[in-house]
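Subject: Structure handover

Hello,

Here is the structure I promised you. Please open it alongside this message; my notes follow below.

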Amino acid sequence: MRIGIIGAGNIGGTLTRRLCALGHEVRVANSRAPETLAELAAETGATAVWAAEAARDADLVIVSIPQKNVPDLAHGIVSTAKPGAAVIETNNYYPRQRDGLIAEIEDGLPESVWVSQQLGVPVVKVFNGIFWKRLLENGAPAGTRGRIALPVAGADGPAKQAVFDLVDQLGFDPVDGGSLDESWRQQPGTPVYGKDYDAAHTVEALAAASAERPANFRA
Ligand SMILES: NC(=O)c1ccc[n+]([C@@H]2O[C@H](COP(=O)([O-])OP(=O)(O)OC[C@H]3O[C@@H](n4cnc5c(N)ncnc54)[C@H](OP(=O)(O)O)[C@@H]3O)[C@@H](O)[C@H]2O)c1
């Protein structure tokens, strides 16, 4: 697949490494000039591009940048992907450590719904709750006992199915996290967040989540 990745830090860089190793054609961007990603490109075979070019004609797009920076992305930046391409977003809202106050999220809007509104396209939420090192090193073949599961939230359809398939290729069990409106079940501070559970425990943890935002994840 042709995959465009916006954000080349812990998660974007890890996904660049893993997806290139799986044989995907990856274009990756950060907030600066492509030259600043020369090392990552040389290491992985990915093509470093300007952010505005990352999604062009892509089969799948990944946005992995600090939540507060999402509004800085150029209008329509992911809309240059192929029609129907999945747009994954991996972000978390960390008001105290990094992002400052985002009023709509504080008022209860799920973090990914806010991202979707900023980007102007439907998104699929995944990879937000796994530490980047686990994502890099702990993928395992399907059927492996204790294989880490990753919740995937978004509208049902081919784009979500493509994300399920990608998660499996990367060595993790995709678990349906429901619609994007239900994606609060996998936000920071929920029972599933950062836990590396297998599929059965992930299903249980998603069901046990509370819609109320934990106090330590409020501004
Ligand atoms: N770290 C984890 O283990 C982890 C796990 C799951 C989810 N997450 C979430 O995933 C997101 C990314 O986390 P991270 O740890 O990978 O962050 P990070 O290491 O700080 O990297 C952020 C990346 O985003 C790029 N960026 C920032 N603003 C941009 C813009 N306007 N246009 C294009 N690129 C931009 C940065 O580029 P520059 O270098 O040019 O600034 C950098 O490459 C966050 O929302 C985080 O909460 C993180």
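Start with helix α6, residues 111-119. Its buried residues are E111, S112, V113, V115, S116 and L119. They pack against β5 (86-89), α5 (103-106) and β6. Just past the helix, G120 has a positive phi of about 75°. Bear in mind throughout that this is a predicted model.

Next comes V121, in the loop between α6 and β6. Is V121 buried or exposed? Neither fully: it is partly exposed, because 18 other C-beta atoms lie within 10 Å, and a buried residue needs 20 or more. Leaving out residues up to four places away in sequence, V121 touches V78, S79, V87 and S116. S116 is also one of the buried residues of α6. V26 is another matter: V121 and V26 are 95 residues apart in sequence, and their C-alpha atoms are 21 Å apart in space.

Now the main sheet. Six strands make an open sheet, with parallel pairing. The order is β3-β2-β1-β4-β5-β6. The edges are β3 (47-48) and β6 (124-125). Each has a single partner strand, so one side of each is left without a neighbour in the sheet.

β1 covers residues 2-6. Four of its five residues are buried, so to speak of it as mostly covered is fair. On one pairing, β1 runs parallel to β2 (residues 25-29), joined by five bridges. There, I3 stands opposite V26. On the other, β1 pairs with β4 (residues 60-63), again in the parallel sense, over four bridges. G4 has V61 as its bridge partner in β4, and I6 has V63. β1, α1 and β2 together form a right-handed β-α-β unit.

A further pair is worth a look. β7 (residues 149-152) and β8 (residues 173-176) pair in the parallel sense, over four bridges. V152 faces D176 of β8. Between these strands the chain passes through helix α8 (residues 158-169), and this β-α-β crossover is right-handed.

Then the ligand. Which residues are closest to the ligand? They are G9, N10, N30, S31 and N91, out of 27 that surround it. The shell divides into 12 nonpolar, 13 polar and two charged residues. Helix α1 (residues 10-21) gives the most to this shell, with three residues. That is the helix of the β1-α1-β2 unit described above.

Last, the protein as a whole. The secondary structure comes to nine helices and eight strands. Buried residues make up 44% of the 219 residues. Among contacts with a separation of 6 or more, 66% are between residues 24 or more positions apart. The C-alpha trace spans about 45 × 40 × 30 Å along its principal axes. Does the radius of gyration point to a compact globule, or what else? Put plainly, what value would a compact globule of 219 residues have? It would be near 17 Å; the protein has 16 Å, which agrees.

Best wishes

Technical notes:
Residues numbered from 1 in each chain as written. Predicted model: local features only at pLDDT ≥ 70, side-chain atom pairs only at ≥ 80, totals over all residues. Near = placed C-beta within 6 Å. Helix = DSSP H or I, 4+ residues; strand = E, 2+ residues; numbered from the N terminus. Nonpolar A, V, L, I, M, F, W, Y, C, P; charged D, E, K, R; others polar. Pairing = 2+ DSSP bridges. Right-handed = clockwise from strand over helix to strand, strands pointing away. Rg over C-alpha atoms; globule rule 2.2 N^0.38 Å. Buried ≥ 20, exposed ≤ 12 C-beta atoms within 10 Å, placed from the backbone. Contact = placed C-beta atoms within 7 Å.
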